[in-house]
Amino acid sequence: MTDRIEAAAAELRPLLQEFLLWVPVHAPESDPDLVGSAALWHRLSQRSDVGHWRRDDLRPLMLDRLPQVVEDPDAAADAMVPSLRSYLTFLDETGRLTPASDRLELLLNELDALEDDFVDRMEDAIGETEWDEEDDGEEDEGLGDFEPFADELAELPTLRLRPDAELAADARRVPLIAAARDLSVWIGTDRKVGESTLLTDAEVEEAVTALGLSGPQKLWNLWNLAIDLEFVTPSGEDTVSIDSDTAAWPFDDDEDVLDAWMLGLGSIDYGDPELDDDDLTLALSGLTRETLIRVLLSGGQKALDELREELAEAVRDYDDLGDAAWEAAGDPLAPVLDWLTGYGMAEVDGQTVRLTSLGTEGVVHLVDEADLDIDARPAIDAMTAHDLLSLSADMSEEEADAEFAAWMRLREPAQAAEELLGAAVEDESDALVRVQAASLVGQLGEVAIPAWKKALAEESLRSYAATHLTQLEVEGAPEPTQADTHWLILDMWTISAGLGRAEFVSSLEDIGPATDLISLLDVIWKVRHPHLDELLEAIAEAHPDRNVGKAAKRALFKARSGG
C-alpha cells in the first residue's frame, strides 16, 4: 500500500543516511540508490525489522522482486550484489544486524551464489528494453496503458489514502480472496496436476460444484489468483499444495492482510472479457486497467453509460478489431465490474461506478509501478505526526504549510506539540524529522511550553527545547549550552550529507574559514550524536582542505577512544 511504502521508506531513511556516510570510506564502489531499493523491498515483502536478514530472504528478493522494480537493469547487473554486500557488512559492523539474522558470512556466501542468476535476470530485462526501443523507436501504447494519461494524472488534486487498519478491514471482506482460499483448501496437499490440462474434466466439475462457481472459466481465474496470492505453491514437479497459512485467511495481522491483497492486485487483468476468438479477446485485453484509470481521472466515480461510450471508443482506437470485439462481448464491462467489485476495488450504485478506498489505493500503486507522477497522501484525519513530518520534507514550503494547517485543525495546539515532538524521538537518528518537528512546534508559541519542557529530558531534543524555551523567556528555562549548539550543527550536517557531496561541503564551509572548522572539530567530538562517527569520516574524506581532513580524523579517534 502506498502509505505503507512511504512509512517503510521513512523508517529506512535515517539508516540509509548513515550508510551513505559510511560508504565513501568503507565501500566507495557501492551504489546507495540500488541498496535503497533492495532494503525497501526487503522490508516490505520479507521482514518487518530492517535489520533482520536471513539467507532465505535473498533468493526471492534478488530473483523475484528486484527484477520487477529496478529502474536501470544495466547498473543493477554491475553493482547490485557488491552494493548489497557492503550494506549487509555495514549492518553487521554497526550492530544493526539482529541476533535472529544469519551470520554475515552465510549471507554474503548466499549473495555470491545468487549473483550469476541475478545478472541473467538483469540481462533479460535489458534485452526486453532494447527490443521495445527498437520497435520504431516508440512505445506501442495500448488499451490499459497509463502513459497516455500521464499529464492528467500529474494534474489531479491530492488523493487522500485511508490508513492501513481501514484498508485491512476492507481487504478481509474481499469475496474473491475468500473464494481463492476455498479453492486452495479444495486443492489440498500434493495434488497432482497435468501438463496440458491442470485438472481432469471430472476434477474441474467437482471443483465448480464444490465452490458453487458459474463455470470453468471462473475456476481458472480463481486458480490463477490463488497462485498470485501464494495460497497455492508448487510442491513438486507435478504437484501443488495449499500453503500452511492459507486456511487461516482472513489473517489477524493487518500487514499480512495487506501484503496478500497487494500480491493479488495484478489479478485485475482476469476481469478482461474472454471470447471464443483469440484475436477478439486480445482486442479487449487491458480493458479492466483502462476502466480503473478513467474512473480515477473522473474523480473516483463515473456514470456507466458515459464509461461504456469512452471505453468503446478507446477499444476502437487501439485495435482494428475493436468494434467487432466490443459487439461480440455483449456487455464487455460486465466481467470487468464483476472482478473489480469482487476484489474490493469498485462498487456499482445504480448507474454509477465508484472506486472504493482499496480501489484508489490499488490504482495509485499501479500508477507508481508505471513510474508516473501522482500526488497521493494519507488522509488528514488518518495522518500521524510522523507522516506529516516525513511528507513535509518533500513538499514545497507552501504545500507543507497548507498540510500543517489542515492537520492542526483536527487537534488542540498543545496536543499537536506533544504529538510532533513525540514523533521526533521515535528514532533519534532521524535528524530531518527532528528539525521538521522543532520548526513546526516553534510556530505554536507559548502553548507549546509544556511539550518543550518535557522534551528537555530527551537527549535528541534537549538542544531544541532549551533554545525555544529561552526564546519564549520561560522562567527557569536552562540556557542552551555549547553542546546544545554543537548538536544543532551535527543535525544540519547530517541532513546536508544526505543531499550529496556538494551540499555537505557547502554546509561545512558555512561554519567559516578552515581554521574555524578545525577549532570546532577539536571540541565537537565530545557530543554524543548518533551520526558523529559517520560525519567525521565523511568530513575527512570530502573536505578539500587537508588540514580539515586531519582534524576530522583526530576528532574521530578521540570520539572512538573516549578522548
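The following exchange covers two sheets, a helix pair, two aspartates and one helix of a predicted model.

Biologist: What are the ground rules for this model, and how are residues numbered?
Modeller: The model is predicted: local features need pLDDT of at least 70, side-chain atom pairs count only at pLDDT 80 or more, and totals for chains, interfaces and linings use all residues. Side-chain values use heavy atoms, without hydrogens and water, and residues are numbered from 1 along each chain as its sequence is written.

Biologist: What is the strand order of the open sheet that contains E5?
Modeller: Strands (E, at least two residues) and helices (H or I, at least four) are DSSP runs, numbered from the N terminus. Two strands pair if DSSP finds at least two bridges between them. Strand E5 (301-303) and strand E6 (346-349) are the edges, each pairing on one side only. Pairing is antiparallel in this three-strand sheet, and the order is E5-E7-E6.

Biologist: Which residue of E7 is the bridge partner of glutamine 301?
Modeller: E5 pairs with strand E7 (residues 352-355) in the antiparallel sense, over three bridges. Glutamine 301 has its bridge partner in E7: arginine 354.

Biologist: Which helix packs on that sheet, and at what angle to E7?
Modeller: Helix H13 (residues 287-297) touches E5 and E7, where contact means heavy atoms within 4.5 Å. Axes are lines fitted to C-alpha atoms, for helices over the stretch in contact, and angles run from 0 to 180 degrees between N-to-C directions. The direction of H13 makes with that of E7 an angle of about 90°.

Biologist: Which residue of E4 is the bridge partner of threonine 233?
Modeller: A second open sheet has the order E2-E4-E3, with antiparallel pairing. Its edge strands are E2 (191-192) and E3 (232-234). E3 and strand E4 (residues 239-242) pair over three bridges. The partner of threonine 233 in E4 is serine 241.

Biologist: How do H8 and H10 lie relative to each other?
Modeller: Helix H8 (residues 175-187) and helix H10 (residues 216-228) pack with axes 9 Å apart, at about 90°. Angles of 65 to 115 degrees count as roughly perpendicular. The two helices H8 and H10 are therefore roughly perpendicular.

Biologist: How many nonpolar residues does the contact of H8 with H10 have?
Modeller: Leu183 and Ile187 are among the H8 residues there, and Leu222 and Trp223 are among those from H10. Ala, Val, Leu, Ile, Met, Phe, Trp, Tyr, Cys and Pro count as nonpolar; Asp, Glu, Lys and Arg as charged; the others, Gly among them, as polar. Beside one polar and one charged residue, the nonpolar count is 10.

Biologist: Is aspartate 102 buried or exposed, and what is its relative accessible area?
Modeller: Aspartate 102 sits in the loop between helix H4 (73-93) and helix H5 (104-134). Buried means under 20% relative accessible area, exposed over 50%, partly exposed in between (1.4 Å probe, protein chains only). Aspartate 102 is buried, at 11%.

Biologist: Which side chain makes a polar contact with the side chain of aspartate 170?
Modeller: Aspartate 170 lies in helix H7 (residues 164-172) and is partly exposed, at 26%. A polar contact is a pair of N or O atoms within 3.5 Å; within protein, one must be able to donate a hydrogen and the other to accept it, and residues adjacent in sequence count only if both atoms are side-chain atoms. At 2.6 Å, the partner is arginine 173.

Biologist: How many residues of H27 are buried?
Modeller: Helix H27 (residues 532-542) is mostly covered. Its buried residues include Leu532, Glu534 and Ala542. Of its 11 residues, the buried number is eight.

Note on methods:
Parallel < 35°, antiparallel > 145°, perpendicular 65-115°, else oblique.
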